[in-house]
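I opened my notebook to jot down what I looked up in this model. Entries are short, one topic at a time.

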Amino acid sequence: MHTAPSPRTQVKRIARNASYDPALLHAIVDAAYLCHIAFADAQGNHCIPTACWRSGDYLYIHGSNGSRMLKALAAQECCVTITHLDGLVMARAAFNHSMNYRSAMIYGRFETVEEAGKRPALEAFMDHLAPGRQAQVRAGNEQEYAATTVMRIALLEAACKVRSGPPNDDDADLGIAVWAGVLPLALARGAPQPDARGTAPLSAQLPAQLPDYVHAWQD
């Protein structure tokens, strides 16, 4: 049985939906391409979406060396959130409606990844987006790496909250003649759209010739 790692990660509202299982946390992070990071600076409070990926027990982000957010994160603690919406839960009573979701909140302070770890971290990001693509594209050059900051935050102080299943109607409302149930939601992968520029044969490849990550995009 996993317990909250800190007082601020202790879920109090609908605590039955809470989890502090690292395996669940990793699964929620791994299913995400974006996270939201809340922080404050001299201009006020901000919550900015940014690309993210996981390697081991850390969540990684990257950006320009001049990024206001990255500079602020190096100097203060923050809160990172990820949410996957899985469905609208339609109950018989207005106040019993809900949503099915998987979410995570991560607290802590980002640290800057040293130069020696920057390249493998960004290669892991490419592998998160499309396994195998790193070996096919032009690798980053020294100037591009020098202009990029990579940061990571430990996944040690975090809480997950998950809801699934049908509506929780009161027994007294079960006789109301209205449709009740779940309207599922999911990200949909569209058909790959090749870029017509560049080497024409590659842009017009037959399905069997496409890279595995493109060929399997809609599987």
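**Entry: a salt bridge to start with**

I began with R138, which forms a salt bridge with E144; their closest N and O atoms are 2.9 Å apart. I kept in mind that this is a predicted model. How accessible is R138? I found 60% relative accessibility, so R138 counts as exposed, the cut-off being over 50%. Its partner E144 has a relative accessible area of 34%, so I wrote it down as partly exposed.

**Entry: more salt bridges**

How many salt bridges did the count come to? I noted 11. One of them joins the side chains of E111 and R152, with N to O at 2.5 Å. I checked where the two sit: E111 is in strand β8 and R152 is in strand β9. They are 41 residues apart, and the pair links distant parts of the chain. For accessibility, I got 36% for E111, which counts as partly exposed. R152 comes out at 24%, and that is partly exposed too.

Next I looked at D195 and R197, whose side chains meet in a salt bridge at 2.8 Å, N to O. Is R197 buried or exposed? R197 is exposed, with a relative accessible area of 65%. D195, at 41% relative accessibility, counts as partly exposed.

I also found a network of salt bridges, which links R8, E77 and E157.

**Entry: the open sheet**

I traced a sheet with E111's strand in it. This open sheet has 4 strands in the order β4-β5-β9-β8, and the pairing is antiparallel. Which strands stand at the edges? They are β4 and β8, and each has a single partner strand, so one side of each is left without a neighbour in the sheet.

Then I zoomed in on β5 and β9, which run antiparallel and are joined by 7 bridges. I picked out one pair of residues there: H62 stands opposite V150 in β9.

**Entry: helix α3**

I wanted to test the length of helix α3, which has 15 residues (115-129). At 1.5 Å a residue, I should get a span of 21 Å. The end C-alpha atoms are 22 Å apart, which agrees.

Which residues of α3 are buried? I listed K118, A121, L122 and F125. Looking down the axis of α3, I saw these buried residues fall within an arc of 100 degrees, so they line one face of the helix. What covers the buried residues includes strands β3, β4, β5 and β9, along with helix α4. I put the residue ranges in the margin: β3 is 44-51, β4 is 53-55, β5 is 58-64, α4 is 142-146 and β9 is 148-154.

**Entry: S67 in a loop**

I followed the chain to S67, which lies in the loop between β5 and α2 (68-73). Is S67 buried or exposed? Its relative accessible area is 18%, and buried means under 20%, so S67 is buried. I then checked what its side chain reaches. The backbone nitrogen of M69 is at 3.3 Å. The backbone nitrogen of L70 lies 3.2 Å from a polar atom of the S67 side chain.

**Entry: the partners of β6**

I went through strand β6 (residues 78-90) and wrote down several pairings. Strand β2 (residues 34-41) is joined to β6 by 3 bridges, and the two run antiparallel. Here A38 has C79 in β6 as its bridge partner.

How many bridges join β6 to strand β7? I noted 11, with the strands running antiparallel; β7 covers residues 98-108. In this pairing, T83 stands opposite S103.

Strand β11 also pairs with β6, over 4 bridges and in the antiparallel sense. The bridge partner of L88 in β11 is L183.

**Entry: V182**

I finished on β11 (residues 181-184), where V182 lies. V182 has a relative accessible area of 27%, so I marked it as partly exposed. What does V182 touch, leaving out residues up to four places away in sequence? My list reads G87, L88, V89, N100, G165 and P166. I looked at G87 again: it is 95 residues from V182 along the chain, yet their C-alpha atoms are separated by 6.2 Å.

Key. Residues are numbered from 1 along each chain as its sequence is written. This is a predicted model: local features need pLDDT of at least 70, side-chain atom pairs count only at pLDDT 80 or more; totals for chains, interfaces and linings use all residues. Side-chain values use heavy atoms; hydrogens and water are left out. The expected span of a helix is 1.5 Å times one less than its number of residues. Buried means under 20% relative accessible area, exposed over 50%, partly exposed in between (1.4 Å probe, protein chains only). The arc is that of the directions from the helix axis to the C-beta atoms. Contact means heavy atoms within 4.5 Å. Two strands pair if DSSP finds at least two bridges between them. A polar contact is a pair of N or O atoms within 3.5 Å; within protein, one must be able to donate a hydrogen and the other to accept it, and residues adjacent in sequence count only if both atoms are side-chain atoms. A salt bridge is a side-chain nitrogen of Lys or Arg within 4 Å of a carboxyl oxygen of Asp or Glu.
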